[in-house]
Amino acid sequence: MHEAEALAANRSNWDDRADVHARSEMYDVPGFLADPSDISQVVENDLSVLAPHLPEAGVKDRSLLHLQCHIGTDTISWARLGAADVHGLDLSPNSLRHAARIAEADGRAITWVEGDARFASTLIRRRFEIIVTSAGTIVWLPELVNWAQSIHDLLEPGGVFLLRDDHPILGAMGFEPWDVSDDYLSGGGTRSYADSGSYTPGSDGQISHVHHHEWRHDLAEIVTALLRAGLRIEALAELPYMDWPAFSDLVACAQGWTLPPGAPRIPLNVAIVARRR
């Protein structure tokens, strides 16, 4: 399948998912709006990785761009933590419609941008002190060279970037440990499949545009793309938790989900912090 067709199919799929997620118990938008102090678990986990690379005040009063922001609850959480001039970018226009609605209900002035994260620097004419992306993002990007260069170009000198995402080894296992059933290494082309549900419980059969197209990115590709774009890697961590119950063996933990005691110890998330010189 041509890349443009694959991306169009993904956009339609995420437009459908946005409606499902916005009404799901997992996102709990009414509860999120009812408590102005609520910070999403995703952002709490992101901040635990990012905080050592920020000044004592954290994100407060610092400009922030959230790439692949989906329906905006994480983006709004960054604003609630005090980030300034917050922007959120996503490929799905319906996701951004929900994001704008939720932000308005929360009294937040956030700038929403529709587009491909690989080319964000052609869509946004300013720089940021912080850029973040996390929780199921880069598998939806066909390549990372333009993505990394765009991140570099959008950062202020001295600005910091955080990626925290599902560890690529889980993709090689098809999110069904413990047998390798798919590529771990990059370069194997598009992985296409059909699924009428999403990662929110009870969503089976609610997605009309069922076709998905993903691209595997191994750890070496991610790090190399960021380095070649001119960023300096400050931290790399392989983490024992993740934000969603990707497979049945996982048990609840403070950060979300983790493997039970006695299970083979494999990474569930990878986190990278990089800085523009």
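I began by sorting residues into classes: Ala, Val, Leu, Ile, Met, Phe, Trp, Tyr, Cys and Pro count as nonpolar, Asp, Glu, Lys and Arg as charged, and the others, Gly among them, as polar. I am working with a predicted model, in which local features need pLDDT of at least 70 and side-chain atom pairs count only at pLDDT 80 or more, while totals for chains, interfaces and linings use all residues. Residues are numbered from 1 along each chain as its sequence is written, and side-chain values use heavy atoms, with hydrogens and water left out.

**Entry: a pocket**

I looked up the second largest pocket (an open set of points on a 1 Å grid over the protein atoms alone, where a 1.4 Å probe fits, with protein on both sides within 12 Å along at least five of seven lines). About 170 Å³ of space lies in this pocket, a volume being the space filled by probe spheres set on the points, which are joined across faces, edges and corners. I found 14 lining residues (those with an atom within 4 Å of a point), and Pro-240, Leu-259, Pro-264, Arg-265 and Ile-266 lie nearest the centre. The lining has 10 nonpolar, 2 polar and 2 charged residues.

**Entry: aromatic pairs**

I searched the whole structure and noted 3 aromatic pairs (rings of Phe, Tyr and Trp, the last by its six-membered ring, with centres within 6.5 Å; planes under 30 degrees apart are stacked, over 60 edge-to-face and the rest tilted). The ring centres of Trp-14 and Trp-140 are 5.4 Å apart with planes at 90°, so I recorded this pair as edge-to-face. Because Trp-14 belongs to helix α1 (residues 3-22) and Trp-140 to the loop between β4 (128-134) and α6 (145-154), the pair ties together parts 126 residues apart in sequence; helices (H or I, at least four residues) and strands (E, at least two) are DSSP runs, numbered from the N terminus. Both Trp-14 and Trp-140 are buried (under 20% relative accessible area, with exposed over 50% and partly exposed in between, by a 1.4 Å probe on protein chains only).

The rings of Phe-175 and Trp-244 have centres 5.6 Å apart and planes at 45°, so they are tilted. Phe-175, at 22% relative accessibility, counts as partly exposed.

**Entry: a small sheet**

I traced an open sheet of 3 strands in the order β9-β11-β10, with antiparallel pairing (two strands pair if DSSP finds at least two bridges between them). The edge strands, β9 and β10, each pair on one side only. I counted 2 bridges joining β9 to β11 (residues 256-258), and I saw that Tyr-241 stands opposite Thr-258 in β11.
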